[in-house]
Amino acid sequence: MILQNVHIVGDEAAVNIQMSDGKIAEISDTVLTDDNLTLTFKDALIFPGLINSHDHLDFNLFSPLGNRTYRNYTEWGNYIHKEYKNEIAGVLKIPIALRSEWGVYKNLICGVTTVVNHGERSRLVDPLITIFEDSHCLHSVHFEKYWKLKLNNPLKKDIPVNIHIGEGDDYLSFTEINKLIQYNLLKRGLIGIHAVSMSAEQAEKFEAIVWCPESNYFLLNKTARVDELEKHTKILFGTDSTLTGSWDIWEHLRLARKTGMLTDEKLYRSLNQNPADTWGLNSGSITLGKNADLVVAGRRPGKSSYDAFYKITPEDIQLVVHKGEIRLFDECLLPQLHENQSEGYSRVFLNDTCKYVKGDLPVLIRKIRAYQPDVCFPVTLNEPAQL
Ligand SMILES: [Zn+2]
């Protein structure tokens, strides 16, 4: 497959990219030929499929729960289990496989091709994007039973620990970070999620932290000082689940950009190269030999590359390729595909745009609604009425 006339984010010139065997095989400014499929774009940006370094795939059918700010995650957790008992029970009665499958679509529709799933393994077979589950997930110092024992399990010594940490704006959240560092007797690689109350000195002890600004503002009206922390550790980007924020990672990114704490380029890297290095993925850059995890989106005219990137909405996404396979395409590409190449996709609508996604999303939505009729989805199954 060849993608023609696409502009790589951060570089203004148009290129043509060829993929073969799931990898990026050629990047050229001259015309390439391929007898399988060539897609030609106009005013389009291309970037490595986003890497969402923190989500709970099975929690994305919730609406955000909470109605004020909290001192820390334990206060929020106890509050929602008391105040939103029925809402929580209503979602949890939907089988976990269906919830997780929707979690994959939530990410895919936004152009995420790798998601780091926190918690139990999802057990999905042949997922449409990479679900990274090869770290050792501990929930948190307060909610993970026997965390000290688990942290010091010698059999897991070489696997990095992936843990919620410092998710609060109080002394407790700060001191729990010291506790974790102090009890990390095997000096395991630590990847800390949230790190809102983390100091620069504490950050030195972490391989990376996952910044989830929207979730943090929702819970605490405060976020991690990534402008300081980035001098001491790697910054990765995460959405967390819809329990604490929008389904749309692009809204999270615009909020992150607005804080001004990372340059456009550094924020961009938190979505591709930094997480690829941290999680050990062969993706995250448009380079020969890397996995062909690529996203193409329409570019608004007159914008610089990063400006255009951070203005993207899921509606703008024209193509998502995962390991060389098309997982989503916009209706505008349909005339360029051969007849049999659109088989196995289902049509869904995102406001006034029509997307083809791999698999049967309408059936999944109907199955979920059979358990819980009032679940809201950002996509609709019927064509929007013409005005
Ligand atoms: Zn989380």
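In this predicted model, a zinc ion is coordinated by the NE2 atoms of three histidines, H54, H56 and H164, at 2.1 to 2.2 Å. Along the chain, these donors follow the spacing H-x1-H-x107-H. H56 lies in the loop between β6 and α1 (73–83), whereas H164 belongs to strand β10 (residues 161–165), so the pair ties together parts that are 108 residues apart in sequence. Two of the donors can also be described by their accessibility: H56 is buried, with a relative accessible area of 9%, and H164 counts as buried at 4%. Both values fall under the 20% limit that defines a buried residue.

The two histidines H56 and H164 lead on to the largest pocket of the model, since they appear among the residues closest to its centre. About 790 Å³ of space lies in this pocket. Its lining consists of 34 residues, and the closest to the centre are H56, F59, H139, H164 and L243. Several elements each supply at least two residues of the lining: α1, α2 (85–92), α3 (96–109), β9 (136–138) and α7 (213–220). The largest share comes from α1, with 5 residues.

Strand β6, which precedes the loop that holds H56, is part of an open sheet. This sheet has 3 strands in the order β6-β7-β8, and their pairing is parallel. Its edges are formed by β6 (50–55) and β8 (130–132), each of which pairs on one side only. On average, and with direction ignored, neighbouring strands of the sheet are turned by 25° against each other. Strand β7 (residues 112–117) is joined to β8 by 3 bridges, and within this parallel pairing T114 stands opposite T130 of β8.

Further along the chain, the strands β14, β15 and β16 offer a contrasting arrangement. Strand β14 (residues 294–298) runs antiparallel to β15, and 4 bridges join the two; in this pairing, I317 of β15 is the bridge partner of A297. Strand β15 also pairs with β16 in the antiparallel sense, over 4 bridges, with V321 facing I326 of β16 as its bridge partner. The strands β15 and β16 form a hairpin with 2 residues between them, and K323 in the turn has a positive phi of about 45°. How enclosed is strand β15 by the rest of the structure? Of the 6 residues of β15 (residues 317–322), 6 are buried, so the strand is largely enclosed.

Strand β16 leads on to the salt bridges, of which the structure holds 16. In one of them, the side chains of K355 and D330 meet with a distance of 2.6 Å from N to O. K355 lies in strand β18 (residues 353–358) and D330 in strand β16 (residues 325–330), so this pair ties together parts that are 25 residues apart in sequence. Are these two charged partners buried or exposed? K355 counts as buried at 2% relative accessibility, and D330 is buried as well, with a relative accessible area of 10%.

The residue E331 takes part in another salt bridge, in which its side chain meets that of R347 at 3.0 Å, N to O. This pair links distant parts of the chain, 16 residues apart: E331 sits in the loop between β16 and β17 (345–350), and R347 in strand β17. Here the partners count as partly exposed, E331 at 32% relative accessibility and R347 at 35%. Elsewhere, R68, R71 and E75 are joined into one network by salt bridges that share partners.

A further salt bridge connects two helices. R257 pairs with D307, and the closest N and O atoms are 2.8 Å apart. Since R257 lies in helix α9 (residues 249–259) and D307 in helix α12 (residues 305–310), the pair ties together parts that are 50 residues apart in sequence. R257 is partly exposed, with a relative accessible area of 24%, and D307 is partly exposed too, at 27%. The salt bridges described here thus include the buried pair of K355 and D330 and the partly exposed pair of R257 and D307.

Notes. Residues numbered from 1 in each chain as written. Predicted model: local features only at pLDDT ≥ 70, side-chain atom pairs only at ≥ 80, totals over all residues. Heavy atoms only, no water. Pairing = 2+ DSSP bridges. Axes fitted to C-alpha atoms, helices over the stretch in contact; angles between N-to-C directions. Salt bridge = Lys/Arg side-chain N within 4 Å of Asp/Glu carboxyl O. Buried < 20%, exposed > 50% of the residue type's maximum accessible area, 1.4 Å probe, protein only. Donors = N, O, S within 2.8 Å, 3.2 Å for Na, K, Ca; no water. 1 Å grid on protein atoms, 1.4 Å probe; cavity = no way out; pocket = protein on both sides within 12 Å on 5 of 7 lines; lining within 4 Å. Points joined across faces, edges and corners; volume = space filled by probe spheres on them.
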